[in-house]
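Biologist: I should like a close look at the side-chain links in this structure. Please describe them in one connected account.

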Amino acid sequence: NIGYENTMEAATLHSLGEEYYGNGNMEEAIQAFREASELNPLELPYKENYANALMQNGDDLEALEVLNDLILNDKSNSPKSYYMRGLILYEMGDINKGCLDLSVVNDTGYLGNSGVYESLCLKQN
């Protein structure tokens, strides 16, 4: 459905987005990741990196929309997606929902022994 040209263009845009992101050019990274995710919606990391760049740029509401779409509609089970969404929800004051996501992440071992879940969520109880 996507086609070879779109697949290759999306991969190129994603690589460009990673370069922009690494150089701190968030606006350019956002644009490249967004376009890559639209050209190839089957590559969920493209959309995940789009959300991450949005977060880094302070666009938490838009990042939350992208992450909700990833988790609810695309059925992503990526710990990174849950981690980012959990942090945004927590920061927005929805501590219970944020901690639910962070609990999912904690159970996967994604954060290692960072103590993020414990310090943010277990102190609430």
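Modeller: What follows treats the salt bridges and then the disulfide. The model is a predicted one, and the values below are computed from it. A search of the whole structure returns four salt bridges, and three of them are described here, beginning with the network that involves Lys47.

Lys47, Asp69 and Asp74 are joined in a network of salt bridges. In the contact between Asp69 and Lys47, the closest N and O atoms lie 2.6 Å apart. This pair links distant parts of the chain, since Asp69 belongs to helix H4 (residues 60-73) and Lys47 to helix H3 (residues 44-56), with their positions 22 residues apart in the numbering. In the contact between Asp74 and Lys47, the corresponding separation of the closest N and O atoms is 2.7 Å. Here too distant parts of the chain are linked: Asp74 sits in the loop between H4 and helix H5 (79-91), 27 residues apart from Lys47 in helix H3.

As to solvent exposure, Lys47 has a relative accessibility of 12% and therefore counts as buried, the cut-off for that class being under 20%. Asp69 has a relative accessible area of 27% and is partly exposed. Asp74, at 27% relative accessibility, is likewise classed as partly exposed. The network thus connects a buried lysine with two aspartates that are partly exposed.

A further salt bridge is formed by Arg34 and Glu38, whose closest N and O atoms are 2.9 Å apart. Both residues lie in helix H2 (residues 26-39), and their spacing of four residues corresponds to about one turn of the helix. Arg34 is partly exposed, with 23% relative accessibility, whereas Glu38 is exposed, at a relative accessible area of 52%; the latter class requires a value over 50%.

The covalent link remains to be described. The search of the whole structure finds one disulfide, and this bond joins Cys99 to Cys121 with an S to S distance of 2.1 Å. The torsion about the S-S bond is about -95°, so the disulfide is left-handed. Because Cys99 lies in helix H6 (residues 95-108) and Cys121 in helix H7 (residues 116-121), the pair ties together parts that are 22 residues apart in sequence. Both Cys99 and Cys121 are buried.

How values were computed:
Residues numbered from 1 in each chain as written. Predicted model: local features only at pLDDT ≥ 70, side-chain atom pairs only at ≥ 80, totals over all residues. Heavy atoms only, no water. Salt bridge = Lys/Arg side-chain N within 4 Å of Asp/Glu carboxyl O. Helix = DSSP H or I, 4+ residues; strand = E, 2+ residues; numbered from the N terminus. Buried < 20%, exposed > 50% of the residue type's maximum accessible area, 1.4 Å probe, protein only. Disulfide = S-S within 2.5 Å.
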